[in-house]
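I opened the model to look up how its parts fit together. My notes follow the sheet, then the helices, then the ligand.

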Amino acid sequence: MSVPYFDLTRQYAQLQNEIETAIRDVNRSGAFILGPAVQAFEQAFANYCGVKFGLGAGSGTDALTFALRALGIGKGDEVILPSFTFVATGFAILFAGAKPVFADVDFETYTMDPKSVEKLITKRTKAILPVHLYGQVADMDSLMAIAKKKKLKVIEDACQAHGARRGDVRAGAFGDAGCFSFYPTKNLGAFGDGGMIVTDQQKLVEKIQRLRNLGRLTASGPHHEIGWTSRLDSLQAAILNVKLKHLDQFIDKRRQAAKRYEKNLSSTPLGLPRDKKNSFHVYHLYVVLVPDGKRDAFRKFLADRGIRTLLHYDLPVHLQPPFKKIAAPRSLPVTQKLSRQIVSLPLFPEMTMEEVDRVTDSIKDFYR
Ligand SMILES: Cc1ncc(COP(=O)(O)O)c(C=O)c1O
């Protein structure tokens, strides 16, 4: 029997009444753009993250772009990011007009390696952009210390890490700004695209409100600067506000499935993700490492048994065509090693333990 990689219909079935009521309320209000539903969700999500302000945007990519721009980062500036991430992290730096500089990652956490970052800082470096990959917060203690010493801005890519923590601090609340995506399969997912910037800095609020709204704050009046049309719409905000109330429960279920994977797979040769000490992993993705060049055979074996797997990410960002032309050739050994071994197994909050066992039984058969 097959196991889906992800199944959005199960969550909808569980929340259908609440979500349909929220959608109906927006429809009846007629306030589809930047209405009260958006404000309510912005405040609720900011509170959840433990920061003062939330600013909706049309996507996670745009949230990152606006955060960089609002912090004054643009032409001539360098921004350090990990190459082992989704391509959008790099695109946002290009959209802001700055130059991406690629750091390596730590082999255990798959997140930005502070030692690699330190070596890349130049006079032109303005910011670092750590990514809380797969749902685990990067080493923010070390990265914030570097940023403080070198007077750099910090923009967190928390697009995969809603609710993740290091110590008591939630993803998005460490740096100058934290950016989230609400793509449907994210830990907190909309029924389409959406994003948000969270920040404690009042001075960023109006800047971001203008950037997302064609350069002005209101529906009429002058356009003070060049801006995007990239707002979180009211229907998505209303849906997200319903789902936010269940987010901790969704995370709990992801963690239970992850623990079951860990228990069942501990005797196999696979490299497994783990909660680092003092951190709370929210398992947006459950990514294992398949050693010895066996990845293709491993994936085919599972696919033949109806188990779909994905690769996040088999081509590092600095090697993607738009970046190859502009980024200095760089040796990123950990990134390259990981990109050859990673495989994402099925994981979603409504996945049953029987489904996890079906995946792990097939993996054990592969190694038998
Ligand atoms: C790490 C990371 N950064 C940025 C993004 C961009 O978000 P979006 O697809 O909402 O533009 C995503 C998600 O897709 C992501 O996973």
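**Sheet**

I started in the middle of a strand pair: Ile 128 stands opposite Val 154 in strand 5. Before going on, I noted that this is a predicted model, where local features need pLDDT of at least 70, side-chain atom pairs count only at pLDDT 80 or more, and totals for chains, interfaces and linings use all residues. Residues are numbered from 1 along each chain as its sequence is written.

I checked the terms too. Helices (H or I, at least four residues) and strands (E, at least two) are DSSP runs, numbered from the N terminus. Two strands pair if DSSP finds at least two bridges between them.

Strand 4 (residues 125-128) and strand 5 (residues 153-157) run parallel and are joined by two bridges. Ala 127 faces Lys 153 of strand 5. I then looked at strand 2 (residues 78-82), which pairs with strand 4 in the parallel sense over three bridges. Here Ile 80 has Ile 128 of strand 4 as its bridge partner.

Next I traced the whole sheet. It is open, has seven strands in the order 1-9-8-5-4-2-3, and its pairing is mixed. Strand 1 (53-57) and strand 3 (99-103) are at the edges with a single partner strand each, so one side of each has no neighbour in the sheet. From one strand to the next, the twist averages 25°. For angles, axes are lines fitted to C-alpha atoms (for helices over the stretch in contact), and values run from 0 to 180 degrees between N-to-C directions.

**Helices on the sheet**

I looked for helices that touch strand 1. Helix 2 (residues 36-49) packs on the sheet against strand 1, strand 8 (177-181) and strand 9 (195-199). Its direction makes about 125° with that of strand 1. Contact here means C-beta atoms, placed from the backbone, within 7 Å. Helix 7 (residues 202-211) lies across strand 1, strand 8 and strand 9, at about 10° to strand 1.

**Helix pairs**

I took helix 3 (residues 60-70) with helix 7 next. They pack at about 130°, with axes 9 Å apart. That makes the pair oblique; under 35 degrees counts as roughly parallel, over 145 as roughly antiparallel, 65 to 115 as roughly perpendicular and the rest as oblique. Phe 66, Arg 69 and Ala 70 of helix 3 meet Leu 204, Lys 207, Ile 208 and Leu 211 of helix 7. By class, I noted five nonpolar, no polar and two charged residues. Ala, Val, Leu, Ile, Met, Phe, Trp, Tyr, Cys and Pro count as nonpolar, Asp, Glu, Lys and Arg as charged, and the others, Gly among them, as polar.

Helix 9 (residues 247-265) packs on helix 13 (residues 353-367) at about 30°, axes 10 Å apart. The two are therefore roughly parallel. Their contact includes Tyr 261 of helix 9 and Met 353 of helix 13. The classes are six nonpolar, two polar and two charged.

**Ligand**

Which residues are the closest to the ligand? They are Ser 59, Gly 60, Thr 61, Cys 159 and Ser 181, among 15 that surround the ligand. A residue counts as near if its C-beta atom, placed from the backbone, lies within 6 Å. Helix 3 and helix 4 (87-95) are the elements that give two or more residues to this shell. The shell divides into five nonpolar, eight polar and two charged residues.

How values were computed: Contact = placed C-beta atoms within 7 Å.
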